[in-house]
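Colleague: I would like to go through this model with you step by step, starting from how its parts are put together. Could you show it to me before we begin?

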Amino acid sequence: MEHPENSIEYTGLTVNSGVAQPPSVNPYAHLRPKRKSLPSASELVEGILKGDVTMLSRAVTLVESLQESHQAVAQEVIEKCLPYSGNSRRIGITGVPGAGKSTSIDVFGLHVLKNGGKLAVLAIDPSSERTKGSILGDKTRMEKLAVHPDAFIRPSPSAGSLGGVARKTRETIVLCEAAGYNNIFVETVGVGQSETAVHSMVDFFLLIQLAGTGDELQGIKRGIMEMADGIVINKADGDNIDRARLAQAQFRSALRLFPPTESGWTPEVLTYSGYYEIGIDQVWDMIDRYFAFVTANGYFEHKRRNQARYWMFESIDESLRNHFYRDPSVETMLADCEARVLDNKLSSFIAARDVLQFYFNNLKNNH
């Protein structure tokens, strides 16, 4: 419709028609590449065995997915990859936040890759308990490894599961080994029970500590100290060297109070500097000595067998727990029992007994 101001009555006054509005739909939308369909389990396995990083990444994403259809494909892939796994050194790395775990992994990783082979780093990133969000910043702290062609870094959000690690990490290890990665590092968040979970899936457990932070043994749980196959004091450089040596002596004294390890190995305490790359060879020589020791006395195979059995029972526990809590009738009864417990009309123990009894009776009636 023309503007009335443009008629001859208003000579000297003109109004432009304005700029045409762009369409509400993106005219280039049809040019976008279509999302690729999900590869089949056979295609994923074939790609993984060839060392295809893209296929490995897609398989790990399926392992981490909560969708049942994805889990079905993931389990099939894991089963087919299992015969090609088990041929790596699995090393767990833990330490208090700020101890320099990611920087150390960057340096340790490059040291390992000098001798050939491939390295996979599974970095468990702490998720927010409130939002379930995760920073996933480990890759930015492993600057050299992140661009190395023989390194695969996979940061995974912990999502609050067992302090950050669970069955999915062990399954990812299987996939990485099948893809030809003969060195696996698993970095923990350094808090909660994640250390226990990581210890149950690795061959060597390395504890990174700092010196010059006050009482060096303060806040170190005895359980973590007992799990460690080696303790290294980071940032032993400059003015901190004397403090690092003092901390080394304190940790050595503390370790003497612990009972002998099941493997027969005596954990060593070393100092090094991840930033200045001082003492890296000595740390890795210690790890080499450990593997030679446990391979010679048969403990390496014994531990691997025990770990496989442990994760079988863990998987059973997880499946049973999921089946229980996803049962609609159980959900209803749980809500009712919870309300009665909160109103002091029923004890917690009797409520638990009643719900479980109800659940087991349902299982009997359905079979």
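Modeller: Two residues are in contact when they have heavy atoms within 4.5 Å of each other. Please keep in mind throughout that this is a predicted model.

Colleague: How many helices and how many strands does the protein have, and what share of its residues is buried?

Modeller: A residue counts as buried when its relative accessible area is under 20%, and on that basis buried residues make up 41% of the 367 residues in the protein. The secondary structure comes to 14 helices and 7 strands.

Colleague: Which residues of helix H2 and helix H3 meet, and is the arrangement of the two helices parallel or oblique?

Modeller: On the side of H2 the residues are Ala 59, Leu 62 and Val 63, and they meet His 70, Gln 71, Val 73, Ala 74, Val 77 and Ile 78 in H3. H2, which covers residues 53-64, packs against H3, residues 68-81, with the axes 8 Å apart and at an angle of about 125°, and H2 passes H3 in a left-handed crossing. Since angles from 65 to 115 degrees count as roughly perpendicular and those over 145 as roughly antiparallel, an angle of about 125° falls in neither group, and H2 and H3 are therefore oblique to each other.

Colleague: How do the axes of helix H11 and helix H12 cross, and what name does that arrangement get?

Modeller: The axes of H11, residues 280-296, and H12, residues 299-325, come within 5 Å and cross at roughly 85°. The contact is made by Tyr 290, Phe 291, Val 294 and Thr 295 of H11 together with Tyr 299, Phe 300 and Lys 303 of H12. Because angles of 65 to 115 degrees are classed in this way, H11 and H12 are roughly perpendicular to each other.

Colleague: Where does Glu 171 lie, is Glu 171 buried or exposed, and which residues is Glu 171 in contact with?

Modeller: Glu 171 is found in helix H7, which covers residues 167-178. The relative accessibility of Glu 171 is 8%, and the cut-off for buried is under 20%, so this residue counts as buried. Leaving aside its neighbours within four places in sequence, Glu 171 is in contact with Val 63, Gln 75 and Ile 78.

Colleague: Which strands pair with strand S1, and how many of the residues of S1 are buried?

Modeller: S1 and strand S4, residues 183-187, pair in the parallel sense over 5 bridges, and within that pairing Ile 93 stands opposite Glu 187. Another 5 bridges join S1 to strand S5, residues 204-210, again in parallel, with Thr 94 opposite Leu 207. S1 is largely enclosed by the rest of the structure, because the buried residues among its 7 number 6.

Colleague: What is the phi of Asn 344, and is Asn 344 buried or exposed?

Modeller: Asn 344 lies in the loop between helix H13 and helix H14, and its phi is near 60°, a positive value in a residue other than glycine. With a relative accessible area of 74%, set against a cut-off of over 50%, Asn 344 is exposed.

Colleague: Are Cys 81 and Cys 337 buried or exposed, and how many disulfides does a search of the whole structure find?

Modeller: Cys 81 has 0% relative accessibility and so counts as buried, and Cys 337, at 4%, counts as buried too. A disulfide would need a pair of cysteine sulfur atoms within 2.5 Å, and the number that a search of the whole structure finds is 0.

Technical notes:
Residues numbered from 1 in each chain as written. Predicted model: local features only at pLDDT ≥ 70, side-chain atom pairs only at ≥ 80, totals over all residues. Heavy atoms only, no water. Buried < 20%, exposed > 50% of the residue type's maximum accessible area, 1.4 Å probe, protein only. Helix = DSSP H or I, 4+ residues; strand = E, 2+ residues; numbered from the N terminus. Pairing = 2+ DSSP bridges. Axes fitted to C-alpha atoms, helices over the stretch in contact; angles between N-to-C directions. Parallel < 35°, antiparallel > 145°, perpendicular 65-115°, else oblique. Left-handed = near helix turned anticlockwise from the far one by under 90°.
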